[in-house]
Amino acid sequence: MVADGNTPAPPERLWRNPEPKRNYDVVIVGAGGHGLATAYYLARNHGLTDIAVVERGWLAGGNMARNTTIIRSNYLLDASAALYDHALRLWEELHEELDYEFHFSQRGVLNLAHTEQEVRDARRRAFANELNGVDAEWLTPDEISEVCPILNTSNLRYPVLGATYQRRAGIAKHDLVAWGLARKCDEMGVDFIQNREVTGFVTDGDRVTGVRTDSGDIGAGRVGLAAAGRTTLLTDTLGVRLPLQSHPLQAMATEILEPVHPCVVMSNHVHVYTSQAHKGELVLGAGVDTHNGYAQRGSVHVIENQLAAAVELFPVFARAHLLRTWAGTVDVTPDASPIIGPTPYENLFVNCGWGTGGFKATPGAGWVFAHTIATGEPHPLNEPYGMERFTSGALIDEHGAAAVAH
Amino acid sequence: MTSPSNPNRVNASVRAGRIDRTRTLNATVDGRPVHGRPGDTLASAMLAQGDIEVAPSIQLGRPRGVLSADCTEPNALVQLLDGACPEPMLPTTEIELREGLRAETLSGVGWLSQQRDTAGYDKKFVHTDVVVVGAGPSGIAASLAAARGGARVILVDQHRELGGMLLDGRADIAGHPATEWIGRAARELAENEQVRVLTRSAALGYYDHNYLLVAESRTDHMAVPPPSTSRQRLWHVRAKQVVLATGAHERPVVFADNDRPGVMLASAVRSYLNRYAVLPGREAVVFTTSDSAYSTALDLLGAGARVPAIVDTRPEPSARLVEQVRAAGAHVVTSAAVVATTGQHRISGVRVRGLDDDGSLTGWSSEFSCDLLAVSGGWNPAVQLFAQCGGAVRWDPVVAGFVPRTTGGRSAKVVGSARGTYDLAGCLAQGFAAGAEAATLSGFRTAPPPVPQVDGDRQGSRPRPVWLVPDESRPPERCTEHFVDLQRDATVADMYRATETGMRSVQHVKRYTTISTGLDQGKGSGVNAVGVLAEILAANSPGEVGTTTFRPPYTPVPLALFAGRTRGELYDPVRTTPMHHLHVEAGAVFEDVGQWKRARYYPRGAEDMHAAVLRECAAARTGVAVQDVSTLGRIEIVGPDAPVFLDRIYTNGFAKLAVGKARYGMMCGADGMVLDDGVSMRLAEDRYLMSTTTGGAAKVLDWLEEWLQTEWPDLDVYCTSVTEQWAAVAVVGPDSRTVVGRLAPDLDVSADSFGFMRFHETSLTGGIPARISRVSFSGELAFEVNVPRWYGEALWEATMTAGSDLGITPYGTETMHVLRAEKGFVIVGQDTDGTVTPVDLGMDWAVSKQKDFIGKRSLSRPDLVREDRKQLVGLLPTDTTTLLPEGSHLVEPDVSRQPPVPMLGHVTSSYHSAALERTFALGLISRGQQRFGDVVCVPVDGRDVEVEITSPVFYDPEGVRRDGPAQG
Amino acid sequence: MLLVRCPWCGDRDEAEFRYGGQADVDYPADPHQLDDAAWGEYLFVRANPAGSFDERWVHTAGCRRWFSLVRDTATNEMRPDIPRRREGR
């Protein structure tokens, strides 16, 4: 097979498959995008390399393997804009830094508005983005048609009244991002322990001294949880109660097609989001299945609703074929914003609640979570995201900007 | 009969096939003619005329030919050019030939056309006792058994006729050709009213609780589809019992240059011969790992082809079969494998080497010329549907395939080759048993029918899969022409590269090499990949490696099928008021508010919205204007505990509201944030009529019910939505009293009699019963007239008549927005966003200190008593003509504009005011209530607009206009 | 598409219902007795098990009544027990 961009160029070593040591400075639970990025930045920014990332399945086989690969930072609130745009700026340098091609394509994202109130909300977000230094434009329907000619803006039950446009947003190939991060981590001495499920913790008072796994304990000076939808299964064992609800989130892809869809398009009202991957398939997603679930599968009416939306917005998609649907388990918070920070256990830290929007934050989440683990204190960017906000009431409500029905 | 144009079509005397030889169908592929028969697929028609080569491969541009006769086809992909709209990536093996078909071959990538797909796609939702997927022998047997027991049965099969693999072979059932048994079964099922047979229908997905999705193709096989028939139909089937008789797929073998055109699956060769009367080649070598391919050899020989060799990986194939083929004229080579092929655009020969016990090549070699290589790497039970819903599979070393771990009980029953049973008698027995059991479990007790005598297709010796035939000269990690996934051009060398990275999981290897990501989703390539990986990792068996995940849909289907009729006007219901057409006639421009269409403004002549709204506002404040407010939510709350209930729901008091009076009510979520608001009336001691916002009506009713049912079931209260029961108009302005007086001559509408926030019931002229209240969202003297819905038109017309000499002016939502904003009245969802409390809005007066209410506890949380919270204010641009964009943000004048610029808040509502003769806005600003008089900035389009923070009440702050002009 | 057993209407498709998460989380008798942490827990924290889950649903497209049932969130298997409903009226 030639190195055509569909797979990375040979030759390469991505990771070893070591047996775990008895102890590590840091154990990260979950080798998804965030777990990997955290390990990477612990090594790069903080000089910590005595790290094990423990993964119950195959590396980056959770939501990192299942997301719809959208990267953007056009969130409403100051804290979110800062957090996500920091991530986007890291994305812009990441493939060079990792020396790994993962097809990061800044092809722009359109967030459509279909009602007058959506227009107000969208413009509010775009104005705020500008003032926060995040690129944002407001487009009229005619301007939208120039950006995305195949988008049906007027012949709709809910016509498109306008859209925000973030040019620096785009997509990347999720698996390749994971492998690029893993390779660098492995080079720096990080151990990936796959097929090993963390089931609980070894504690000593208000300290965690290690993780319990399905085949023995691993000692840890510090533990960082990056277990997404399975977080509460772990935190519950310590009596640490987090406001997370785990839901199936489905996504789907078509067969590979000649390029036809030039950017990312998201609509809340005609609910679907879609892009065309580097390899050529259309990738689509929408809202969660509203029941709680860990089965990593969802119901068909959710698929039907989003495909009805997709075909309305993109009549050219009518005869593209649904090739595959799948689902992950997403941990949703009451304000559609993540929880990143310390826990009541002094050396246990949690990064979770990213819900339907974790992929776009991958390097940024890793950066701030690494800082939190390394220093014991949140980074300024994740300071607002501690679990205390649910006590104080200082929620960071991003349901609108999340652009995914909950 | 064979003819120059169809050299590979076999005489009817040799093979009838399932085709109609009396008619010819003409198609075009890549501009070249293809002639075939009704009953042909595009693949069989092309093979009949000797066309085996299709488009070259996707990455490497290697010549490729059709490999299979089913949905696992990796190479023969086309773009259909005719039909309502071009369609990409369809295997020729699955396209029924029709007159006028036009296609172009594709190298693994299709394209989308700008042409609109005008075909119709329908859905059906059905319940059944038993659903049987697959109408091969097992599935037919199951359906017969269940149907005879009296159960409702749905039988689903991908093909146009029943029979499954029986039509690929030549078995006998009860002493007659299997086709006769199939025909009798088909008639029996067709005559049973409790049975529905869906052909050309692929079961796409198996979802929780026995829910199956089936895609029925209705017109794709027709040259001219009937105009009103949907092209495809998506069946949603909820079954009590599920029987999966989904069959098995033959897999190819992985050896050097195994992708040459002319390499075909042995079962496909057999299928082409027996179903379509097509001989894909004249000189065929058969390369097999199990017994099944011997039938192919026998059939080839019987049809007049030569079989130079049968190459069998096993040292001891079934003696009976060896004897049969030798007697028919074929040479059998055992413990051997094909190691290379020759030929450019078609195979011309194979090279064969001996295999020893551990799979290495021995010194023995031979060569055979051929124009067809029929390969059988073994069989993969079609476990996809079973596994989609959590069914686990295990490796069965005897059948050399992944089979369901459980085959019945709580999960679906899997029968026949789908569970690794390949002998016909066994398939029938399992089918009958499963069908009878399914009927019994559905409540129709019945026993399985007896299994008839069968001949043919008997398994003998065990298979010997060889996952990776060694290359003669290269080590396996450099086997760049050993194809594992033909559609993806993925090879053994690619798999080695994957494992060299450190990858061990089949999931990683799949993603790294893209094996199994093509149209077949692993049906043709997956198990071979697992087998090769097991070799690479020196695993004990493919079972140790495991499979990747099976996901719906089983086979690709157009997105439009899932969209169905949810298109265009049917995408979402349109809710209209009873007066809607009168607004249309009046030239109103409409706005979507939820599902409702509401008039936004009524332009006269060449007016734009700006001009129309100024005129409508002026009419409302100086004369009289009327708005259709029928969309507002209305909920009747009835019961002795209604007062207590409302006191708990609303932030302000309602229990002590006097009968006959109305009050503005504010409600919050448990988190203290504004949820909805509206004016609610007390109709009787135990009866209130609550108003909600238009968009919030359903949400509020759900909210009320949730509290009543789950927290306070002890309260004796009933809630009823009456939004649709009422039509209503707001009559607004100094002259409104006159108009209402004319509408309701029996009612004393004088200022003394009809106080603010009171309501009266009366009859309008013509006997229309009405409830009239004095409520005002504009701050003007105003009345709301409510009538039973079916009087809505009459009410509107009567109102327009009653005010015609006063210049009564219809107004829409835009004017309504302006009028209320001039008075500082908020719109929930526009001036609030789920993070705003009543206190933030300056509505402390509505927050009861006496009683508890939902949300009260939250109001004292640290973040909700922060002194820098955003608070509702008015905003006046220094330049009275500058309109602040809604959503724009306010910043301090003296802070740097270098991002991030600290924002004080944002503009929520912004308008031109006829009454104020200037622009104004509402916003939420940090510490806003302490900052009246401060001047701040709104950055817009690169410049700063100066703005003064004011009270949000701009017009008539004393509220004197509310009671109208003084009456003499 | 889950099949949800409504105590009044019988087995109906999931799309006819709205999901309500953990069942039987009672509104505190006196919210003002709770400190901010406890109140925050009431507002925002709900059980989230992988396995047997006592959860509530409301039949929005049918009888519009709330009830609870037990489902395994890892397999979607419904416990066959009759769903529970609050008796009150």
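# Exercises on a predicted three-chain model

In this predicted model, the end C-alpha atoms of residues 26-70 of chain A lie 30 Å apart, and the span is 31% helix and 20% strand. UniProt lists this span as "domain: Rhodanese" in an unreviewed entry.

**Exercise 1. Work out how the second annotated span, residues 870-956 of chain B, is built.**

Step 1. Start with the record. UniProt gives residues 870-956 of chain B as "domain: Aminomethyltransferase C-terminal", again from an unreviewed entry.

Step 2. Read the secondary structure. The span is 48% strand and 0% helix.

Step 3. Check the ends. The end C-alpha atoms of this chain B span lie 25 Å apart.

**Exercise 2. Lay out the domains of chain A and describe how domain 1 meets domain 2.**

Step 1. Set the bounds. Domain 1 of chain A takes in 23-67, 175-243 and 334-402. Domain 2 of chain A takes in 106-168 and 245-332.

Step 2. Place the domains. Their centres, taken over C-alpha atoms, are separated by 28 Å. Domain 1 of chain A brings 18 residues to the contact, and domain 2 of chain A brings 17 residues.

Step 3. Get the area. The two domains of chain A bury about 1,300 Å² between them, with 46% of it on carbon and sulfur atoms. R66(A), G229(A) and T356(A) supply 39% of the area that domain 1 buries against domain 2, more than any other three residues.

Step 4. Count the polar links. There are 0 salt bridges across this domain interface of chain A. There are 6 residue pairs in polar contact between the two domains, with both residues at pLDDT 80 or more.

Step 5. Find the elements. On the domain 1 side, α6 (231-235) and α10 (399-402) of chain A each supply at least two residues. That side of domain 1 of chain A divides into 8 nonpolar, 8 polar and 2 charged residues.

**Exercise 3. Characterise the interface of chain B and chain A.**

Step 1. Count residues. Chain B puts 100 residues in contact with 78 residues of chain A.

Step 2. Get the area. Chains B and A bury about 7,700 Å² between them, 56% of it on carbon and sulfur atoms. L112(B), R551(B) and L559(B) supply 11% of what chain B buries here, more than any other three residues.

Step 3. Count the polar links. The interface of chain B and chain A holds 10 salt bridges. D592(B) and R157(A) form a salt bridge, at 3.2 Å from N to O. Residue pairs in polar contact across this interface of chain B and chain A number 44, both residues at pLDDT 80 or more.

Step 4. Find the main helix. Helix α10 (residues 506-513) of chain B gives the most to the chain B side, with 6 residues. The chain B side facing chain A is made up of 42 nonpolar, 33 polar and 25 charged residues.

**Exercise 4. Repeat the analysis for chain C and chain B.**

Step 1. Count residues. The contact takes 29 residues from chain C and 30 residues from chain B.

Step 2. Get the area. About 2,700 Å² is buried between chain C and chain B, and carbon and sulfur atoms give 46% of it.

Step 3. Count the polar links. Chains C and B share 5 salt bridges. Take the pair R18(C) and D702(B). The closest N and O atoms of R18(C) and D702(B) are 3.9 Å apart. The cut-off is 4 Å, so a pair at 3.9 Å counts. Chains C and B also have 15 residue pairs in polar contact, both residues at pLDDT 80 or more.

Step 4. Find the main helix. Helix α1 (residues 36-44) of chain C gives the most to the chain C side, with 5 residues. The chain C side divides into 13 nonpolar, 4 polar and 12 charged residues.

**Exercise 5. Locate the salt bridge of E188(B) and R148(B) within chain B.**

Step 1. Recall the principle. Side chains of opposite charge can pair when their charged atoms come close.

Step 2. Read the distance. E188(B) and R148(B) meet at 2.7 Å, N to O.

Step 3. Place the partners. E188(B) is in helix α3 (residues 178-191) of chain B, and R148(B) is in helix α2 (residues 137-148). The pair is 40 residues apart and links distant parts of the chain.

Step 4. Set the total. Over all chains, the structure holds 94 salt bridges.

Notes:
Residues numbered from 1 in each chain as written. Chains lettered and ligands numbered in written order. Predicted model: local features only at pLDDT ≥ 70, side-chain atom pairs only at ≥ 80, totals over all residues. Heavy atoms only, no water. Domains from an automatic or database assignment. Contact = heavy atoms within 4.5 Å. Buried area = accessible area lost by both parts, 1.4 Å probe. Salt bridge = Lys/Arg side-chain N within 4 Å of Asp/Glu carboxyl O. Polar contact = N/O pair within 3.5 Å; in protein donor to acceptor, adjacent residues only side chain to side chain. Helix = DSSP H or I, 4+ residues; strand = E, 2+ residues; numbered from the N terminus. Nonpolar A, V, L, I, M, F, W, Y, C, P; charged D, E, K, R; others polar. UniProt positions renumbered as here; feature names shortened; annotations may be inferred.
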